[in-house]
Amino acid sequence: MFFTFALFLIASSMIITTTSLPSDIKLCTSFNDNECLLNTPNYILQKHSNGIKNHLDSIDPLKIDSMSVEQTSGPVNILAKLNNFDIVGFSKAKIYKFSGFENNLLDLRMKMPIATLLGPYDVIGKIFILNISGVGKLKLTFKNFDVIMSLPFTKENRDGKSFIKIEQPQMTFDITGGDVSMSHLGAISNAFLNSNFNRIIDAIKPAISKSLIEKLSQKINLFFEANSIEELFIN
Ligand SMILES: *[C@@H]1O[C@H](CO)[C@@H](O)[C@H](O)[C@H]1NC(C)=O
């Protein structure tokens with residue numbers, strides 16, 4: 001009886017470790033299959049943004065445990081901490097460039113019509129003349145969020161399979177506008193922030209990019225940790 005049970009356990013754990021990606025996801029045949037390399041990730045964003053068991057966590061909303069944004073020079077001077085927040089909008093994102101598997105440097109470019117960041121914050125600092133220090137809930141929306149990510153990676157071998165691991169990622173982005181609401185500030189202060197929205201974002205762009213790409217690449221690494229190159233590509 002115990003033996004049968006043990007066999008069952010071994011068999012079921014084998015099933016778990018060998019579950020392949022859902023069959024509606026079309027795997028690409030090679031690193032140079034450019035059309036497929038765009039279509040497949042876009043399909044996953046559209047159809048599987050709530051995640052795939054054993055392969056992918058939810059990407060819409062994308063849950064981030066913690067992030068800080070630090071900008072200590074210039075007209076915007078802030079130290080902001082965000083914990084347990086969501087980024088909403090990835091299911092409508094469109095990847096328009098995805099290449100570089102062959103030279104260990106992924107170039108990933110994506111546009112999101114609306115990207116919204118929602119969650120609690122704790123901030124100390126000043127934006128122009130306005131003291132914005134305080135604690136509350138943030139809603140920050142970017143319109144036409146156009147992100148360019150540069151993701152150098154190494155390959156690691158485990159159990160005869162190779163896994164991509166991104167190290168020292170970088171990103172830049174553009175937006176056409178957006179809006180912000182900080183719950184601890186009054187209507188006049190929020191209106192002031194919104195009427196200066198693009199200038200404020202420009203001033204903290206490098207700081208936001210740095211923090212955001214660190215978090216996004218952690219998420220991408222979780223995906224590559226769960227899916228070997230052999231499982232992602234058809235040989
Ligand atoms: C900014 O606001 C915070 C919270 O209201 C307050 O504790 C702090 O003293 C203010 N700082 C300045 C420089 O006015």
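1. Helix 4, in this predicted model, covers residues 197–226 and bends by about 60° at I204. A proline follows within four residues of that position, namely P206.

2. The buried positions of helix 4 are I200, A203, I208, I213, L216, S217 and I220. An α-helix has 3.6 residues a turn, so residues three or four places apart point the same way. The list of buried residues in helix 4 may be read with that periodicity in mind; it includes I200 and A203, as well as I213, L216, S217 and I220.

3. Helix 4 also takes part in the largest nonpolar core, supplying at least two of its residues, as do strand 2 (76–88), strand 4 (105–127), strand 6 (134–158) and strand 7 (161–166). This core comprises 37 residues. Strand 4 makes the greatest contribution to the core, at 9 residues. In soluble globular proteins, nonpolar side chains tend to be buried together.

4. Within the core, the residues with the most contacts are I78, L108, F145 and L151. For I78, once neighbours within four places in sequence are set aside, the contacts are V69, Q71, V123, G125, I127 and I132.

5. As to the overall architecture, the protein contains 5 helices and 9 strands. Their order along the sequence is α-α-β-β-β-β-β-β-β-β-β-α-α-α. The C-alpha trace spans about 70 × 45 × 30 Å along its principal axes.

6. Two global figures complete the note. Of the 235 residues, 20% count as buried. Among contacts with a separation of 6 or more, 64% are between residues 24 or more positions apart.

Key. Residues are numbered from 1 along each chain as its sequence is written. This is a predicted model: local features need pLDDT of at least 70, side-chain atom pairs count only at pLDDT 80 or more; totals for chains, interfaces and linings use all residues. The bend at a residue is the angle between axes fitted to the seven residues ending there and the seven starting there. A residue is buried if 20 or more other C-beta atoms lie within 10 Å of its own, exposed if 12 or fewer, and partly exposed in between; C-beta atoms are placed from the backbone. A nonpolar core is a set of buried Ala, Val, Leu, Ile, Met, Phe, Trp, Tyr and Cys residues joined through C-beta atoms within 7 Å. Two residues are in contact if their C-beta atoms, placed from the backbone, lie within 7 Å.
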